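Hi everyone, thanks for coming. I'd like to walk you through a structure this morning, so please have a look at the screen.

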Amino acid sequence: RRRALNVVVQLGETMDLSVAAREATQIIDQLELPPGYTVEIGGLFNVIDESKHDMFVALGLAVILVYLVMAAQFESFWYPLCIMCSVPLAGIGAIIALWLTGLKLSVTALIGVIMLAGIVVNNAIVLVDYINLQRRRGLSISEAVMRASQTRLRPILMTASTTILGLLPIAFGFGEGSEMTVPLAVTVIGGLISSTLLTLFVIPVVYIFTAQLSQHYQAHNLVASTLDDD
C-alpha cells in the first residue's frame with residue numbers, strides 16, 4: 001500500500017534501450033532522495049534483463065545436453081571434450097560479427113548463440129568420427145588426423161556455406177520486423193565462419209593431445225590393475 005509514481009519514457013528511433021537505461025541510472029544516482037524513497041527501472045528493460053539471464057541458463061543446458069549425447073554416441077568422455085572446443089570458437093566469430101555490424105547482445109542474439117552450440121559441433125563430429133575410422137584401419141594418430149583433415153575439408157565447407165548463404169537474406173534485414181531477426185542471423189553467420197575456419201586447425205591439434213592423454217590414462221590404469229593383481 002505504498003504510493004508510487006510511474007515515469008514513462010518513449011525512446012527515439014536512434015536510441016537504444018540499454019543506452020537509455022544506463023543514462024537513466026546515471027541520473028538516478030545523482031538524485032538526492034528523501035528517506036524512504038526508492039527509484040527502480042522497470043518495464044521492457046527489466047523483462048529483457050531477466051530474459052538474458054534465462055538465455056544464459058539455456059545456453060549452459062544446451063552445452064551439457066550436447067556433450068551427454070556425444071558421450072553416449074562415442075562411448076567416450078575424451079572425444080566429446082575435443083568436439084566441444086568448437087563452441088568457444090564459434091563465440092569468437094559471433095562477438096566479432098555483432099561488433100562489426102554495430103549490434104548489441106540482445107535476446108535474439110543469445111538465441112543465435114544457443115543455436116550455434118548445436119550447429120557448430122557438426123563439423124567437429126564429422127572430422128573426429130573420420131579420424132577414429134582411420135585409426136581403426138591401422139593408421140597412427142598423426143596420419144589419421146592428416147588424412148581426415150584433407151578428406152573432410154570439402155564436406156565441412158559445403159555444410160557451413162549452405163547454412164551461411166541461407167541466413168544472408170535474414171542478416172540483410174528484408175521485410176517488416178527484421179530488426180528482431182537480424183541479430184540472430186548475424187550471430188549464427190559469424191559463429192559459423194569462425195568455427196569452420198578454426199575447426200580445421202584447432203580440432204586436429206586438440207584431438208592429438210586428447211588421444212595421447214587418453215592413451216596415457218589407459219596405460220596408467222593397465223599398470224595399476226596389473227600391480228593390484230600381483
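Let's begin with the basics: how many helices and how many strands are there in the chain? The count is nine helices and zero strands. Read from the N terminus on, the order of elements is α-α-α-α-α-α-α-α-α. Please keep in mind throughout that this is a predicted model. The chain has 230 residues, and 32% of them count as buried.

Now to the empty space. Rolling a probe the size of a water molecule over the atoms shows where such space is left. What is the volume of the largest pocket? The answer is about 1,200 Å³. There are 27 residues lining this pocket, and those closest to its centre are L5, V7, V39, E40 and I41. Two elements give two or more residues to the lining, namely α1, residues 17–29, and α2, residues 44–74. Of these, α1 provides the largest share, with six residues.

What about the chemistry of that lining? Sorted by class, the residues are 19 nonpolar, five polar and three charged.

Let me stay with α1 and α2 for a moment and pick one residue from each. A24 lies in helix α1. Is A24 buried, exposed or partly exposed? A24 has a relative accessible area of 28%, and because partly exposed covers the range between 20% and 50%, that is the class A24 falls into. From A24 to I41 there are 17 residues in sequence, and their C-alpha atoms are 8.3 Å apart in space. You have met I41 already, as one of the residues closest to the centre of the largest pocket.

In helix α2, have a look at M70. The relative accessibility of M70 is just 4%, so M70 counts as buried. M70 and I83 are 13 residues apart along the chain, with 8.8 Å between their C-alpha atoms.

Next, the outside. Which residues form a nonpolar patch on the surface? They are I92, I96, W99, L100, I193, L197 and L198, and together they have about 720 Å² of accessible area. Two helices each supply at least two residues of the patch: α4, residues 86–101, and α9, residues 178–229. The one that gives the most is α4, with four residues.

If you'd like a single residue to look at there, try L100, which sits in helix α4. Why does L100 count as exposed? Its relative accessible area is 62%, and exposed means over 50%, so L100 qualifies.

Two more stops before I finish. The first is G118, in helix α5, residues 107–119. With 36% relative accessibility, G118 is partly exposed. G118 and M84 are separated by 34 residues in sequence, while the distance in space is 9.9 Å, C-alpha to C-alpha.

The other stop is I141, in helix α7, which covers residues 141–151. Is I141 buried or exposed? I141 is buried, because its relative accessible area is 14% and the cut-off for buried is under 20%. Along the chain, I141 and A211 are 70 residues apart, yet their C-alpha atoms are separated by 7.7 Å.

To recap the two main sights: a largest pocket of about 1,200 Å³, and a nonpolar patch on the surface to which α4 gives the most residues. Thanks for listening!

Technical notes: Residues numbered from 1 in each chain as written. Predicted model: local features only at pLDDT ≥ 70, side-chain atom pairs only at ≥ 80, totals over all residues. Heavy atoms only, no water. Patch = residues over 30% accessible without salt bridge, like charges linked within 9 Å, V, L, I, M, F, W, Y side chains within 5 Å. Areas by Shrake-Rupley, 256 points an atom, 1.4 Å probe, with all protein chains shown as cover. Salt bridge = Lys/Arg side-chain N within 4 Å of Asp/Glu carboxyl O. Buried < 20%, exposed > 50% of the residue type's maximum accessible area, 1.4 Å probe, protein only. 1 Å grid on protein atoms, 1.4 Å probe; cavity = no way out; pocket = protein on both sides within 12 Å on 5 of 7 lines; lining within 4 Å. Points joined across faces, edges and corners; volume = space filled by probe spheres on them. Nonpolar A, V, L, I, M, F, W, Y, C, P; charged D, E, K, R; others polar.
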